[in-house]
Amino acid sequence: MGIKIYNTLTRKKEEFVPITEGEVKMYVCGPTVYNFFHIGNARTFLVFDTVRRYFEYRGYKVRFIQNFTDIDDKMIKKANEEGVTVKDIADKYIKEYYTDADKLNLKRATVNPRATEHMDEIISFIKDLVDKGYAYEVDGDVYFETRKFKGYGKLSHQSIDDLEAGARIDIDERKKDPMDFALWKAQKLGEPAWESPWGMGRPGWHIECSTMASSLLGETIDIHGGGADLIFPHHENEIAQSEARSGKQFSRYWMHAAYLNIDNQKMSKSLNNFFTTREILEKYDADVVRLFMLSGHYRNPINFSLDLMEQAKSGIERMKNSLTNLKYIVENGEDRELTAEEKEISLRLNAYKDKFIEVMDDDFNTADGISVIFDLIRDANTNINEASPKKLAQNAIELIYDLLSPLGILQNTDEDGLDEKIEKMIEDRQRAREEKNFKEADRIRDELKAMGIILEDTAKGVRWKRA
RNA sequence: GGCGACAUAGCCAAGCGGUAAGGCAGAGGUCUGCAAAACCUUUACCCCCAGUCCGAAUCUGGGUGUCGCCUCCA
């Protein structure tokens, strides 16, 4: 039994079989870098970051490519508005992307290719399509002829005729068919352009992903991912271009993350229900955001609200509490071997990992995975206490961090110690308590609380944590 | 019009044929100088109606409702 993936292409869950044993070649459509990315983008990135981490957790070597679209209409518009070059905009927002992505604890991709840095390959890709008769040029534009590609519509499970029937696209008389899409766009006044066999111009949107995916991963890749809205037309078009050119299957598995909605509606600027990731990260830790987003299945839409963020925050608190309590036992517990009974506890604790893998293997069921972690936490909380050996507590801590790692939650374990002043206050309070001077003890505790240090009295002494 | 998804406790959310996980919130309790944390107990006619089956939240048909894609979009 291995990992199963729901494949949009077949609409079935399938056993994951990599092209090369032990390796995963995956490509995920990244952002158009004309703005800060919003929390909807964040969900998609987070989902695929988790997929990637989980593959690594299961021992795969992952080549993870996520592109930056750094040339398109929106980029040009933004550059014109700000009176700077398209490249200026791209550079700026790529930098901002990393700021937010790093803070969200998104692992850096193996490569983050930029469309403009692959222009020669894009042009030769298009040229191949023209040479093979899948594309035609009109006035410096180059279009892909969808009816030439037999499999068109196989990803979105629609026929070209059905798509056309519902189409709301403008009729362009120069195209052979309304469903034909641009591979190359002739330069318009004031737009950045590159030299090509069809004159100055720039690539259409879909071609960059096909080109960079094949260039960096090969003509057939294992997994292609993105937001659900990319199924049509973007991914459909990618398949058409790539398979028309190579004659091989482009991607074996297609994964799509569902939407993040606000008040049950799609986020949109016109509805003014738009949050950037940065705004949210100012109010909530990445751990909270990640727990929130991973607590539902990636193929189901989730609704965003501050109330739900608060709930997630409490969940993170529960995890943290358990961990600080266990760490306290590692520091103050008994330094001895495990009794027979404790060995049983340890064994049972370790079994949660098997359960975790079982549910996560099933199409990355992070919701179930999280519930296994909470089960583990309750078990540890119940059965490990101040009288337990350090080893047992240490075992539980490692296990919790281990299961949390593919989710990217609570992985920044570096903690600051307490400074001398605070340590002295804690000592003073302990003395006051021994003298039954509870008023003074409580005063110091309140003072520390105001400083962000929470004290908890245990049978073995005082335990502290940060608020 | 075409294609599709979803409807489970106050809130969120798994489960997808064998009799309802988990989190948050609430109530009661244990422990504690108090508190906190933790633990225990407690809260579900699984949208409706038919049907298949020994057995359905899970499958089939029909409703109702919400949402998405078919246009730039994660």
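These questions and answers go through a predicted model of a protein chain, from its overall build to its pockets, cavities and single residues.

Reader: How many helices and strands does the secondary structure of chain A come to?
Author: The model is predicted, and the C-alpha trace of chain A spans about 90 × 50 × 35 Å along its principal axes. Of the 467 residues in chain A, 52% are buried. The secondary structure of this chain comes to 15 helices and 15 strands.

Reader: What share of the contacts in chain A with a separation of 6 or more comes from residues 24 or more positions apart?
Author: A contact here stands for heavy atoms within 4.5 Å. Among the contacts in chain A with a separation of 6 or more, those between residues 24 or more positions apart account for 76%.

Reader: How far apart do the C-alpha centres of domain 2 and domain 3 lie?
Author: Chain A is divided into domain 1 (4–283), domain 2 (306–407) and domain 3 (420–466). Domain 2 and domain 3 are in contact, with seven residues of domain 2 meeting eight residues of domain 3. The C-alpha centres of these two domains, domain 2 and domain 3, lie apart by 27 Å.

Reader: Which helix gives the most to the lining of the second largest pocket?
Author: The second largest pocket holds about 1,300 Å³ of space, and of the 43 residues that line it, the closest to its centre are Lys320, Thr324, Glu415, Lys465 and Arg466. Several elements each supply at least two residues of this lining, among them helix 3 (86–103), helix 14 (420–434) and strand 15 (461–466). With 11 residues, the element that gives the most to the lining of the second largest pocket is helix 10.

Reader: How many residues of the lining of the second largest pocket are charged?
Author: The lining of the second largest pocket can be divided into nonpolar, polar and charged residues, and the nonpolar ones come to 16 while the polar ones come to eight. The charged residues of this lining come to 19.

Reader: Which helix supplies the largest share of the lining of the largest cavity?
Author: The structure holds three cavities of 30 Å³ or more, and the largest cavity has a volume of about 100 Å³. Its lining has 13 residues, of which Gln66, Tyr97, Leu106, Lys107 and Ala109 lie nearest the centre, and these 13 divide into seven nonpolar, two polar and four charged. Helix 1, strand 4 (61–66) and helix 3 each supply at least two residues of the lining of the largest cavity. The largest share, four residues, comes from helix 3.

Reader: Which helix gives the most to the lining of the second largest cavity?
Author: About 70 Å³ of space lies in the second largest cavity, and the residues that line it include Val47, Thr50, Met293, His297 and Phe364. This lining divides into six nonpolar, four polar and no charged residues. Helix 1 and helix 9 each supply at least two residues of the lining, and the one that gives the most, with three residues, is helix 1.

Reader: Why do the end C-alpha atoms of helix 13 agree with the span expected for its 15 residues?
Author: Helix 13 covers residues 390–404, and its expected span follows from a rise of 1.5 Å a residue. For 15 residues this gives an expected span of 21 Å, and the two agree because the end C-alpha atoms of helix 13 are apart by 21 Å.

Reader: Which helices do the buried residues of helix 13 pack against?
Author: Buried residues of helix 13 include Leu392, Ala396, Ile400, Tyr401 and Leu404. The helices that the buried residues of helix 13 pack against are helix 1 (39–57), helix 10, helix 11 (340–361) and helix 12 (366–383).

Reader: Is Met309 buried or exposed?
Author: Met309 lies in helix 10, and beyond the residues up to four places away in sequence, Met309 touches Ile280, Tyr284, Val288, Val289, Phe292 and Phe304. A residue is called buried when its relative accessible area is under 20%. Met309 has a relative accessibility of 0%, so Met309 counts as buried.

Reader: What is the relative accessible area of Met267?
Author: Met267 is found in the loop between strand 12 (265–266) and helix 8. Leaving aside neighbours within four places in sequence, its contacts include His38, Ile39, Leu260 and Phe275. Met267 is buried, and its relative accessible area is 11%.

Key
Residues are numbered from 1 along each chain as its sequence is written. Chains are lettered from A and ligands numbered from 1 in the order in which they are written. This is a predicted model: local features need pLDDT of at least 70, side-chain atom pairs count only at pLDDT 80 or more; totals for chains, interfaces and linings use all residues. Side-chain values use heavy atoms; hydrogens and water are left out. On a 1 Å grid over the protein atoms alone, a cavity is a set of points where a 1.4 Å probe fits but cannot get out, and a pocket is an open set with protein on both sides within 12 Å along at least five of seven lines; lining residues have an atom within 4 Å of a point. Grid points are joined across faces, edges and corners, and a volume is the space filled by probe spheres set on the points. Ala, Val, Leu, Ile, Met, Phe, Trp, Tyr, Cys and Pro count as nonpolar, Asp, Glu, Lys and Arg as charged, and the others, Gly among them, as polar. The expected span of a helix is 1.5 Å times one less than its number of residues. Buried means under 20% relative accessible area, exposed over 50%, partly exposed in between (1.4 Å probe, protein chains only). Domain bounds come from an automatic or database domain assignment.
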